[in-house]
Amino acid sequence: MGEQCSVTLNGPGPWGFRLQGGKDFNMPLTISRITPGSKAAQSQMNQGDLVVAIDGVNTDSMTHLEAQNKIKSASHNLSLTLQKYVDVCHVNLEGQPFYSKKDKPLCKKHAHAINV
């Protein structure tokens, strides 16, 4: 997917982003929305980034509510490790599109390149 990066937002909240997913949804924790002009918008966070860790704690086994509570409990600084979302249309050497997590092409333009 993309490279990992660490983002630290200076508190207190609101931080200005919305999460989706979690262990209870069988989906990785993902940034689903960033509020324009917010602390999150002024950082290198983007919609679609995966949240790998919150304050150094891996999010693999976190439910949506646990992640939300961990973020809410951060008052001074919020430190996130993100897996950057790559929303770029690239075709690899075989002419096949790169795939997103659910085996769908990242770009409709190259959907015809899929071998079924």
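Strands E1 and E6 run antiparallel and are joined by 7 bridges, where strands count as paired if DSSP finds at least two bridges between them. Within this pair, threonine 8 of E1 stands opposite serine 79 in E6. The model behind all of this is a predicted one, in which local features need pLDDT of at least 70, side-chain atom pairs count only at pLDDT 80 or more, and totals for chains, interfaces and linings use all residues. Residues are numbered from 1 along each chain as its sequence is written, and side-chain values use heavy atoms, with hydrogens and water left out.

E1 also shows a neat in-and-out pattern. In a regular strand the side chains alternate between the two faces of the sheet. Along E1, Cys5, Val7 and Leu9 point to one face and are buried, buried being under 20% relative accessible area, exposed over 50%, and partly exposed in between, with a 1.4 Å probe and protein chains only. Gln4, Ser6, Thr8 and Asn10 point to the other face and are not buried.

Stepping back to the whole chain, the protein has 1 helix and 6 strands, arranged β-β-β-β-β-α-β from the N terminus on. These elements are DSSP runs numbered from the N terminus, with at least four residues for a helix (H or I) and at least two for a strand (E). Of the 116 residues, 35% are buried. The accessible surface comes to about 7,500 Å², and 50% of that belongs to carbon and sulfur atoms; the areas come from the Shrake-Rupley method with a 1.4 Å probe, and for residues only the protein chains shown count as cover. Among contacts with a separation of 6 or more, 55% are between residues 24 or more positions apart, a contact being heavy atoms within 4.5 Å.

What sits in the middle? The largest nonpolar core has 20 residues. Such a core is a set of buried Ala, Val, Leu, Ile, Met, Phe, Trp, Tyr and Cys residues joined through side-chain atoms within 4.5 Å. The residues with the most contacts inside this core are Phe17, Leu19, Met45, Val51, Ile54, Leu78 and Leu80. At least two core residues each come from strand E1 (4-10), strand E2 (17-22), strand E3 (27-34), strand E4 (50-54), helix H1 (64-73) and strand E6 (77-83). Phenylalanine 17 gives a good view of the packing: leaving aside neighbours within four places in sequence, this residue is in contact with Leu9, Ile31, Arg33, Ile34, Ala40, Met45, Ile71, Leu78 and Leu80.

E2 and E3 form a second antiparallel pair, over 5 bridges. Here glycine 22 stands opposite methionine 27 in E3. The hairpin has 4 residues between the strands, and one residue in this hairpin, asparagine 26, takes a positive phi near 60 degrees. Asparagine 26 lies in the loop between E2 and E3 and is exposed, with a relative accessible area of 74%. Methionine 27 also has a distant partner in sequence: aspartate 60 is 33 residues away along the chain, yet the C-alpha to C-alpha distance is 9.5 Å. Aspartate 60 is in the loop between strand E5 (57-58) and H1, and counts as exposed at 65% relative accessibility.

Next come the charges. Side chains of opposite charge can pair when their charged atoms come close. The count is 1 salt bridge, defined as a side-chain nitrogen of Lys or Arg within 4 Å of a carboxyl oxygen of Asp or Glu. Aspartate 49 and lysine 84 make a salt bridge, with their closest N and O atoms 2.7 Å apart. Aspartate 49 lies in the loop between E3 and E4 and lysine 84 in the segment after E6, so the pair ties together parts that are 35 residues apart in sequence. Both aspartate 49 and lysine 84 are buried, the lysine at 14% relative accessibility.

Finally, a few backbone oddities. Most residues other than glycine have a negative phi, and most peptide bonds are trans. Aspartate 55 has a positive phi, near 50 degrees; this residue lies in the loop between E4 and E5 and counts as partly exposed at 33% relative accessibility. Two cis peptide bonds turn up as well. Glycine 11 and proline 12 are joined by one, with omega about 0 degrees, and the bond from glycine 13 to proline 14 is also cis, with omega near 5 degrees. Proline 12 lies in the loop between E1 and E2, as does proline 14.
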